[in-house]
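Student: Hey, got a minute to walk through this one with me? I'd like to go over the salt bridges, the pocket and any odd backbone spots.

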Amino acid sequence: MDSRKQGLEWIDKNRNAIVGFLQDLIRIPSVTGEEGPIQQFIAGRLKEMGLAVDVFEPDLSALRKHPACGSFPRIRGRPNVVGILKGKGGGKSLLFNGHVDVIPAGAPESWQHGSWSGDLADGRIYGRGASDMKAGLAAMTMAVKAILIPESGSAGM
């Protein structure tokens, strides 16, 4: 079986776990300035997948020296996470990029489902960041996981 088909079959077989991963991301409050816990969670998952992981806070003084950069918001406690999966050939690189910060949830009574619930109802997942951008982050992470399956032969999450 070709690796594309194996990856797609893995996605079909692991649909609930993939949705669960998105729900886990939504359940971690990550309001701008408070991204540390979700970044550690993501770093842990990438490490479990066998990726080399770098977690770092940008150097504000170095950023300020760059001519293209203006003022910066507070960056302490707002780590970046980079996961690296080395290829085997000399082909091109692929980069997935996203953000974990979300705006404040607002009044709890304005939510039919809790802002950090990750509830699944009628085929939809609810919570702050469900579409911007935690679903994208879950899709990227699980796409890498699916790519790894043909290599390892593992079907588990």
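**Talking it through**

Tutor: Sure. Asp 122 is exposed, because its relative accessibility is 81%. Keep in mind that this is a predicted model.

Student: Where does Asp 122 lie?

Tutor: Asp 122 is in the loop between β3 (120-121) and β4. Its phi is near 55 degrees, which is a positive value in a residue other than glycine.

Student: Ok, other backbone stuff. Which peptide bond is cis?

Tutor: The one from Asp 132 to Met 133, with omega near 20 degrees. Met 133 belongs to the loop between β4 (124-125) and α5 (134-152).

Student: Switching to charges. How many salt bridges are there?

Tutor: The count is three. One of them joins Arg 78 and Glu 35, with the closest N and O atoms 2.8 Å apart.

Student: What does the Arg 78 and Glu 35 pair tie together?

Tutor: Parts that are 43 residues apart in sequence, because Arg 78 sits in the loop between α4 (60-65) and β2 (80-84) while Glu 35 sits in the loop between α2 (15-26) and α3 (36-48).

Student: And are Arg 78 and Glu 35 buried or exposed?

Tutor: Both Arg 78 and Glu 35 are buried. For Arg 78 the relative accessibility is 19%, so it falls under the 20% cut-off for buried.

Student: Which other side chain meets Arg 78 in a salt bridge?

Tutor: Asp 101 does, at 3.8 Å from N to O. Asp 101 is in the loop between β2 and β3 and Arg 78 in the loop between α4 and β2, so this pair ties together parts that are 23 residues apart in sequence. Asp 101 counts as partly exposed, because its relative accessible area is 22%. Put the two bridges together and you get a network linking Glu 35, Arg 78 and Asp 101.

Student: Got it. What about Arg 45, which residue does it pair with?

Tutor: Arg 45 and Glu 48 meet through their side chains in a salt bridge, 3.5 Å from N to O. The two are three residues apart in helix α3, so about one helical turn separates them.

Student: Are Arg 45 and Glu 48 buried or exposed?

Tutor: One of each. Arg 45 is buried, with a relative accessible area of 15%, whereas Glu 48 is exposed at 60%.

Student: New topic: which residues form a nonpolar patch on the surface?

Tutor: Phe 56, Val 82 and Ile 84, with about 220 Å² of accessible area together. Phe 56 is in strand β1 (residues 52-56), and it counts as partly exposed because its relative accessibility is 33%.

Student: Last bit, then. How much space lies in the largest pocket?

Tutor: About 1300 Å³. The lining has 41 residues, and those nearest the centre of the pocket are Val 82, Gly 83, Leu 95, Phe 96 and Asn 97. So Val 82 turns up in the surface patch and in the pocket lining.

Student: Which elements give two or more residues to the lining of the largest pocket?

Tutor: α2, α3, β2 and α5. The largest share comes from α5, with seven residues.

Student: And how do the lining residues divide into nonpolar, polar and charged?

Tutor: The lining of the largest pocket has 22 nonpolar residues, 12 polar and seven charged.

How values were computed:
Residues are numbered from 1 along each chain as its sequence is written. This is a predicted model: local features need pLDDT of at least 70, side-chain atom pairs count only at pLDDT 80 or more; totals for chains, interfaces and linings use all residues. Side-chain values use heavy atoms; hydrogens and water are left out. Helices (H or I, at least four residues) and strands (E, at least two) are DSSP runs, numbered from the N terminus. Buried means under 20% relative accessible area, exposed over 50%, partly exposed in between (1.4 Å probe, protein chains only). Patches are made of residues with over 30% relative accessible area and no salt bridge: like charges are joined within 9 Å, nonpolar side chains (Val, Leu, Ile, Met, Phe, Trp, Tyr) within 5 Å. Accessible areas come from the Shrake-Rupley method with a 1.4 Å probe; for residues, only the protein chains shown count as cover. A salt bridge is a side-chain nitrogen of Lys or Arg within 4 Å of a carboxyl oxygen of Asp or Glu. On a 1 Å grid over the protein atoms alone, a cavity is a set of points where a 1.4 Å probe fits but cannot get out, and a pocket is an open set with protein on both sides within 12 Å along at least five of seven lines; lining residues have an atom within 4 Å of a point. Grid points are joined across faces, edges and corners, and a volume is the space filled by probe spheres set on the points. Ala, Val, Leu, Ile, Met, Phe, Trp, Tyr, Cys and Pro count as nonpolar, Asp, Glu, Lys and Arg as charged, and the others, Gly among them, as polar.
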